[in-house]
Structure formats: structure tokens, C-alpha cells
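Trainee: I would like to request a close look at a single part of this complex, set in the context of the whole. The structure is shown below.

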Amino acid sequence: MNRSSRNTSARHRIFSLPADWPAHRRNLVLACIMALMLSFVGFVQSWNLAFSLLNMCLISAIMSLGVNIQWGYAGLFNAGVMGFAALGGLAAVLLSMDPVPAAWAAGGGGIGLGLVIGFVTIYANIYLWKQARSQGKKRYWMIGLVIVVGYSLMRQAIDPSVAAIEAVDPAMTGYLGGLGLPIILSWLVGGLFAAAAAWVVGRIALGLRSDYLAIATLGISEIIIYVLKFEDWLTRGVKNVNGLPRPVPYEVDLQEAAWFQEIIPQFNLSIVEASSLLVKLCYSGLFLIVLLTIIWLSESALRGPWGRMMRAIRDNEVAANAMGKNVTSRHLQVFVLGSAVIGIAGAMLVTLDGQFTPTSYQPLRFTFLIWVMVIVGGSGNNWGAVLGGFVIWFFWIESEPIGLWLITLLTSGMEPAHWLRLHLIENAAHTRLITMGLVLLLTLRFAPRGLIPEVKR
Amino acid sequence: MLLNPLVLLANFILVPGLAYGSQLALGALGVTMVYAVLNFSNFSHGEVMSFGAMVTILITYWLQSIGLSIAPLPTALLALPFGILGAIGLCLLLDRLVFRFYRHQRASSVTYLIVSIGVMFVIGGVIRFIIGPNDRNFNDGDRFLLKARAFKEITGLSEGLAIKSSQAITVITAVIVVAAIFWFLSRTRTGKSMRAYADNQDLALLSGINPDRVVGITWVITAGLAAVAGTLYGLDKSYKPLVYLHLVLPIFAAAIVGGVGNPIGAIVGGFVIAFSELLLTFAYKKVAAYLFGEGFFGDGLLQILSTDYKFAVSFMILVVVLLVKPTGIFSGKSL
């Protein structure tokens with residue numbers, strides 16, 4: 001969506017509040033509506049649900065901030081959100097779980113050797129690709145030979161070790177384990193993991209046309225998920241890693257703590273409910289700190305000279321290039337930064353869940369839904385991305401009960417056992433996909449600048 | 001004895017590769033047509049395939065309930081025209097409601113791409129709403145054209161060759177459809193006007209070609225291809241809505257490997273992707289045993305990649321092609 005198409009369809013805005021309102025007042029109103037919706041869930045369904053929604057909203061907001069950095073600031077279409085989020089999750093596992101000494105003894109050396117061989121092969125290939133340019137067709141054969149030799153050597157080193165590692169108590173471990181550090185550190189490391197991957201991906205794919213970039217990043221993110229799913233020595237694969245340590249207290253400990261039992265009577269809550277509420281509140285606090293830090297950093301970057309340069313590059317690459325800006329390296333920079341933010345959110349998500357499930361990473365939920373958040377919220381505006389994260393996650397979860405309620409209401413005139421009514425009620429959960437698609441399409445058509453449009457600076 | 005390993009390879013690579021390659025080729029042909037004429041990467045193509053297959057399945061159920069069948073062929077072939085009509089209706093409706101607006105705006109290809117993601121969500125939701133997310137097997141025809149045991153008895157070899165009837169149907173249908181498309185593009189006036197429009201929109205307009213007609217016909221062809229590809233895939237494996245979402249990437253890989261916008265490239269790309277998936281994940285242990293004797297290479301499976309990575313192969317090829325030759329094998333946009 002380039003600048004001109006945004007402007008031409010501005011007259012179609014019907015969802016936005018009156019345009020002559022000052023921006024901050026409109027944003028405040030929108031934020032209040034969101035808060036009201038969340039507290040409505042608290043009153044009608046339960047406060048526990050409201051706070052788990054809030055936590056997921058916060059994580060979604062961070063993810064969509066990451067995408068917004070890439071798309072809104074620089075116009076890069078990253079369809080690999082899922083892969084970067086999963087790498088963040090991997091960081092949570094690798095940092096926080098206890099190491100498995102038996103597995104390290106059984107196959108640590110082999111894996112290490114194999115990885116070294118792998119890296120040497122890749123470097124040899126890059127070297128050949130660059131140096132042997134004059135060799136013509138021969139270059140391809142040389143590279144092919146290096147790949148075959150390097151790959152078979154790597155497999156020779158890794159295969160027995162993998163089998164040995166996976167044989168170590170497969171029901172409980174069967175993987176190398178982690179470092180046993182506090183899990184909160186993994187939020188930072190998750191960002192670094194994702195940034196490193198993004199650097200490689202960016203070097204490969206950023207030169208491509210925008211829709212090729214989308215397809216390439218989508219493909220690469222699928223490859224990442226496949227590796228996480230099937231390399232059991234690293235992630236336990238489909239057996240999942242459960243029981244990750246927490247950065248906040250456990251409910252059971254709270255329920256036994258003397259101070260907690262003392263303050264409980266002041267609230268009208270059972271002790272079980274109160275403890276799980278407090279745990280969720282602790283998470284919300286931590287997530288909020290991260291979110292506000294990232295917003296503060298990116299807002300000040302966007303206001304400064306760097307932000308002006310990025311917008312200039314986005315709006316006219318040729319002119320920016322002519323002014324001596326290195327467009328390619330700026331794109332790489334912003335791609336790495338945005339992916340790091342996504343990686344942080346990915347690590348936070350796994351921390352909140354307390355488990356790492358590689359099969360749960362689906363492009364619909366982790367890539368395309370985040371995109372809906374950014375577009376609906378308002379691409380190019382950080383507050384828009386945050387609001388989009390909140391609104392879209394809220395409806396992603398709540399459209400199921402709302403859809404069920406609507407269908408039950410609409411079909412209440414039919415016989416209770418009518419086949420159509422039963423069929424509709426049974427499939428009500430799928431209304432969420434239709435809702436999300438419609439929201440995206442309607443936003444693009446009638447309010448292409450989103451709920452909180454980008455501020456012209 | 002050289003025949004045994006050859007039969008082994010034919011049974012596990014050649015036959016399934018031909019069938020899967022035809023399905024991918026049909027899908028990639030649809031993606032390429034939309035790209036050539038409408039200039040965008042249509043992410044919703046997989047869901048259109050799924051929609052066509054769904055209509056076919058529902059009609060199949062209805063035909064079965066009234067007792068109509070063309071045994072030994074699956075009833076779904078009889079229902080396929082309805083599936084094609086359904087997909088065509090869906091695509092024309094989508095074009096009228098969604099895509100036309102952006103075409104008149106001359107929106108950028110990224111806008112189109114995001115729009116097609118929205119469309120993907122909606123169609124996916126509608127499909128799950130109508131038919132549910134579960135696996136469905138609707139192939140009621142004869143399962144095998146050639147059974148492995150019968151083959152062994154006839155030839156006296158120790159390896160069997162099995163051909164599923166769905167595989168044969170897939171390949172035959174694909175050949176017919178592809179031949180029809182190429183005849184249409186190269187011999188008919190409408191096909192030529194489509195190629196002209198894809199080549200240079202402004203010049204085509206100057207020579208009096210009606211753009212709305214060209215776009216409409218493109219959607220009709222694309223939807224037809226999608227419904228056929230979707231049904232054949234469902235017939236061969238089994239129908240599950242989620243699978244079609246994942247099928248989009250191999251299809252895009254096929255289209256890009258062959259050179260997006262080029263129909264011959266799409267077909268070649270489909271087979272390249274299908275055969276490399278199978279070749280890279282096949283365990284060559286038994287073949288090596290026939291050729292060099294048991295245990296010549298130790299007791300490994302002689303598998304380049306574990307079968308788990310079957311789908312990932314297409315993404316790897318995609319990445320390599322984008323790296324080395326982003327324009328694909330048959331480079332250049334031409335219909």
C-alpha cells in the first residue's frame with residue numbers, strides 16, 4: 001500500500017471517528033472503549049478470563065509493533081512472523097530448562113562437531129560463490145560437490161549422536177536441555193535469536209520484489225517450524241517441552257503464603273481464584289513494562305532523524321537512494337529490529353504458556369492474524385499497532401462465544417433438534433475466521449489507514 | 001537384476017511424483033494466470049481449490065444418496081463440473097465485490113496481496129462453516145488400477161508396482177486440462193487477447209480489447225483449474241480444509257521455480273517440486289541392496305532428508321531459486 005493509494009481512498013473513511021477531533025482525544029476514546037470491552041468480559045464471563053485476554057493482548061500488541069516497524073516504517077512485507085516468534089519461544093526453552101548431563105555426555109560432542117561441519121560447508125559455499133565467479137558453469141558443480149561432501153560428513157557426525165540423545169529417558173527428556181538460567185533473560189535472548197535469523201533471511205530475501213519477499217519469508221518461517229518440530233534433540237519436537245520455570249510465583253505457593261491468606265478476606269474471592277488472578281496480574285505488569293519500553297524506544301526513533309530517513313526511503317526509494325542513503329542496508333536494519341521485537345514477544349508467549357509446543361505454530365494464527373492487527377490498527381502508527389493487537393486478539397477469542405450466542409439467538413425459532421440449527425451451532429467456532437477476514441477486507445476498503453492513522457510529520 | 005530396483009523407484013517415486021506433480025502443476029497454472037493478467041500473487045488460491053473440492057464433495061454425497069454412480073470410476077468425477085461452476089461463481093463474485101475496486105484504483109501488488117489474505121480468511125471460514133474441519137474420504141471408485149501383487153505375479157519380479165486409480169485419473173485429467181488451456185491460449189481469439197493484455201495492458205486497450213472481459217475469463221479459467229486441482233488432490237489423498245492452506249506454498253514454489261507468469265514454467269515447476277520432494281526423502285537402502293548387495297553402505301537408511309521434512313523441501317527449493325535465479329527457469333513474464 002503506497003502513499004498515493006492511502007490518500008485516494010481517504011474519503012472512504014467511515015469507521016474513523018470525526019476527523020476534526022484532535023488525535024490524542026480520539027486515541028483516548030478508542031483506548032477507553034477497549035478497556036470497557038475487557039472489563040465487560042470481566043463482569044459477564046470472569047475476571048480470570050479477562051486478565052488472560054489482557055495478557056495475550058499485550059503479547060499480540062508487541063508482535064504487531066514488530067511487524068509495524070517493518071511494514072509501517074519501511075514498507076517491508078514480512079510474512080515470516082511465525083518463524084521469528086517460534087525462535088523466541090526456542091530461546092525460552094534453551095535458556096530456562098535444566099541441562100540434561102546424560103544427554104550431553106551421550107551426544108553433545110557429535111552434535112557440536114556436526115554443527116561446525118555444517119557452518120564450514122556454508123562458508124565454503126559462500127566463498128566459492130563469490131570467488132569462483134570467473135569459472136562459469138564449473139562453479140555450480142564445485143558448489144554441488146561441496147554441499148554433498150559437507151552434508152554427508154555432517155550427517156555422519158550428527159546421526160549417531162542424535163539417536164543417543166533421544167534415547168536418554170525419552171519420556172522425560174530425550175533432548176539436550178537448556179542452561180537453567182532465569183526465564184526472563186530469555187526475552188532478551190529470544191530477541192537476539194530472531195534478530196540473528198532475520199539478518200540471514202534479510203541478506204537472502206530483501207533484494208526481492210515485495211510479493212516475492214512475502215512468499216520467501218513465509219517459506220523460510222515454515223522451514224524454521226519444521227526444524228523445531230522434528231529435531232527432537234533440540235526441542236523434544238512434537239513431544240513438547242512442558243513445565244518451563246516461571247518469572248512469577250506459583251499459585252500453590254501463594255495459597256500457602258501467610259501474607260496472601262491475610263489479605264484474601266478483604267476481597268470477595270475464593271483463595272484459588274485470587275491466587276491465579278494475582279499470578280496473571282504479575283504477568284500483566286511484566287508485559288506492560290516490556291511493551292512500554294518498546295513503544296518508548298520506537299516512538300523516539302520514529303520522531304528522530306532515523307525515523308524521517310526511514311519514511312523517506314519508504315515513500316520514495318529512488319530519491320532516498322539519490323540522496324546517498326543506503327536503502328538495502330537500512331532495510332536490513334529495520335528488518336532485523338522488527339524481527340527482534342517479534343522474537344521477544346515469542347519468548348514472552350512461551351513463558352506465559354509455560355510450555356513450548358512446536359505444532360501450535362500455524363501461519364494463520366502467527367503470521368496472518370498479526371498482519372490483520374497491524375492493518376486494522378493503523379500501519380505506520382505504533383499506538384495503532386498496539387490497539388490493533390488488543391482489538392483483534394479480543395475478537396479472535398471472543399468471536400467464538402459471540403458467534404455461538406448470535407447463532408443460538410437467530411435459530412431460536414427453529415426446532416431445537418433441526419439439522420441446520422445443530423450444524424450451525426456445531427460450526428459456530430469457525431465464524432472467527434470469517435470475522436477476521438471481513439474486518440481486514442472492510443478496513444482495507446473503507447479505512448485503509450486503520451483505526452489510528454499514521455501521523456503526518 | 002536391474003529391473004527390481006527400477007520397479008522399486010517407479011513405485012515409490014515415479015508414479016506418486018507424476019500424480020502429485022500434476023496436482024501442483026494445475027494449481028501453479030492458476031496462480032500464474034492470475035499473476036500474468038491481474039499482476040498479483042493470489043494467496044487465496046489454495047482456498048479456492050478447497051472450495052471447489054468442497055462443492056464437488058457435497059454434490060458427490062447427493063449423487064450417492066440418489067444412487068447415481070459411474071463405477072468403477074469415482075462419483076466425484078460426475079460431480080466435478082458442479083465444483084468447477086461453484087468455484088467460478090465464487091471467483092466472479094469475489095472479483096465483483098473485492099478485487100475490482102483495487103483494479104480500478106491501480107493498487108500496488110502488495111495491497112492486492114493483503115486483500116487476498118483477507119479473502120483467504122473469509123473463504124477458509126466459510127468452508128469450515130459449511131463442511132467442518134474434519135478429514136473426508138470421498139473416493140468411492142476402485143482403489144487400484146494395478147495392484148502390487150498382481151504386478152508381481154505377471155512379471156515374476158520380487159518388487160511390486162501399484163498404481164492407484166486416483167493417480168491415473170489425476171494424470172489423465174491434468175493432461176486433458178493442460179492441453180485445453182494451451183489450445184485456448186494459442187489458437188482462440190479470446191486466448192490471444194488475454195495474452196496481449198498480459199503482455200501490455202495499455203497497448204491491448206488501444207487495440208480494442210475489453211479489459212473486464214479478459215479479467216472475467218481469467219477468473220473463470222483460474223477457478224476451473226483450482227476446482228480440478230483441489231478435487232484431484234482430495235481424491236488422491238483425502239479432503240481436509242487445513243491442508244489446502246499449506247498447499248499454497250508448494251504451489252507458489254512451483255510457479256516461481258518455473259518463472260511466474262509462464263504457463264509452461266508452472267507445469268515444469270510443479271513436477272520439479274513434486275519429484276524433488278520424493279527424491280530427497282526416499283530411503284535408498286533397498287535400491288542400494290539390489291545394486292551393490294546387502295549392507296554395502298552399512299545399515300543406514302540412505303535417506304537424504306528424513307520423511308518429516310517432505311513439505312519443507314519445496315520451501316528450500318523456493319529459497320534456493322529465489323537466491324540463485326529469482327526469475328525462475330523460464331524467466332520473463334509471458335503468457
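What percentage of the contacts in chain B with a separation of 6 or more is accounted for by residues 24 or more positions apart? Please answer with a close account of chain B, and then place it beside its partner.

Mentor: In this predicted model, residues 24 or more positions apart account for 77% of the chain B contacts that have a separation of 6 or more. The secondary structure of chain B consists of 13 helices and two strands. For its 335 residues the globule rule gives a radius of gyration of 20 Å, and the chain has 21 Å, so chain B is as compact as a globular protein of that length. Taken along the principal axes, its C-alpha atoms fill a box of roughly 70 × 55 × 35 Å. Of the 335 residues, 48% are buried. As for confidence, the average pLDDT of chain B is 89, and 97% of the residues score at least 70.

Within chain B, helix α6 repays attention. Helix α6(B) covers residues 165-187, and these 23 residues should span 33 Å at 1.5 Å a residue; the C-alpha atoms at its ends are 32 Å apart, which agrees with that expectation. Its buried residues are S166(B), Q167(B), I169(B), T170(B), T173(B), A174(B) and V177(B). The partners against which the buried residues of α6(B) pack are α1 (3-38), β2 (163-164) and α9 (211-236) of chain B.

Helix α7(B) follows, at residues 189-199, and its buried residues are M194(B), Y197(B) and A198(B). Viewed down the axis of α7(B), these buried residues fall within an arc of 100°, so they line one face of the helix. They pack against α1, α6, α8 (201-206) and α9 of chain B. Helices α1 and α9 of chain B thus appear among the packing partners of the buried residues of α6(B) and also among those of α7(B).

The loop between α1 and α2 (45-65) of chain B holds N39(B). Its phi is near 65°, a positive value in a residue other than glycine. Most residues other than glycine have a negative phi. N39(B) counts as partly exposed because it has 18 C-beta neighbours inside 10 Å, while 20 or more are required for a buried residue.

Turning to the partner, chain A has 19 helices and zero strands. With 457 residues, a compact globule would have a radius of gyration near 23 Å, and the 25 Å of chain A agrees with this. The C-alpha trace of chain A spans about 70 × 60 × 50 Å along its principal axes. Of its 457 residues, 43% count as buried. Residues 24 or more positions apart make up 82% of the chain A contacts with a separation of 6 or more. Chain A averages a pLDDT of 87, with 95% of the residues scoring at least 70. Caution applies to residues 1-15 of chain A, where pLDDT stays under 50; the model has 23 contacts beyond four places in sequence for this stretch.

The two chains meet through 37 residues of chain A and 40 residues of chain B. On the side of chain A that touches chain B, at least two residues each are supplied by α1 (3-8), α7 (185-205), α8 (210-230), α16 (363-377) and α19 of chain A. Helix α8(A) gives the largest share of that side, 13 residues. By class, the side of chain A that touches chain B comprises 25 nonpolar, nine polar and three charged residues. For the complex, the predictor gives an ipTM of 0.90 and a pTM of 0.90.

Two residues of chain A complete the picture. R236(A) lies in the loop between α9 (232-235) and α10 (251-256) of chain A, and its phi is near 65°, a positive value in a residue other than glycine. With 24 other C-beta atoms within 10 Å, R236(A) is buried. V455(A) is placed in the segment after α19 (431-446) of chain A. V455(A) counts as partly exposed, with 14 C-beta neighbours inside 10 Å. Residues up to four places away in sequence aside, V455(A) touches A23(A) and N381(A). Between V455(A) and L369(A), which are 86 residues apart along the chain, the C-alpha atoms are separated by 24 Å.

Note on methods: Residues numbered from 1 in each chain as written. Chains lettered and ligands numbered in written order. Predicted model: local features only at pLDDT ≥ 70, side-chain atom pairs only at ≥ 80, totals over all residues. Helix = DSSP H or I, 4+ residues; strand = E, 2+ residues; numbered from the N terminus. Expected span 1.5 Å × (residues − 1). Buried ≥ 20, exposed ≤ 12 C-beta atoms within 10 Å, placed from the backbone. Contact = placed C-beta atoms within 7 Å. Rg over C-alpha atoms; globule rule 2.2 N^0.38 Å. Nonpolar A, V, L, I, M, F, W, Y, C, P; charged D, E, K, R; others polar. Arc of directions from axis to C-beta. pLDDT = per-residue confidence, 0-100.
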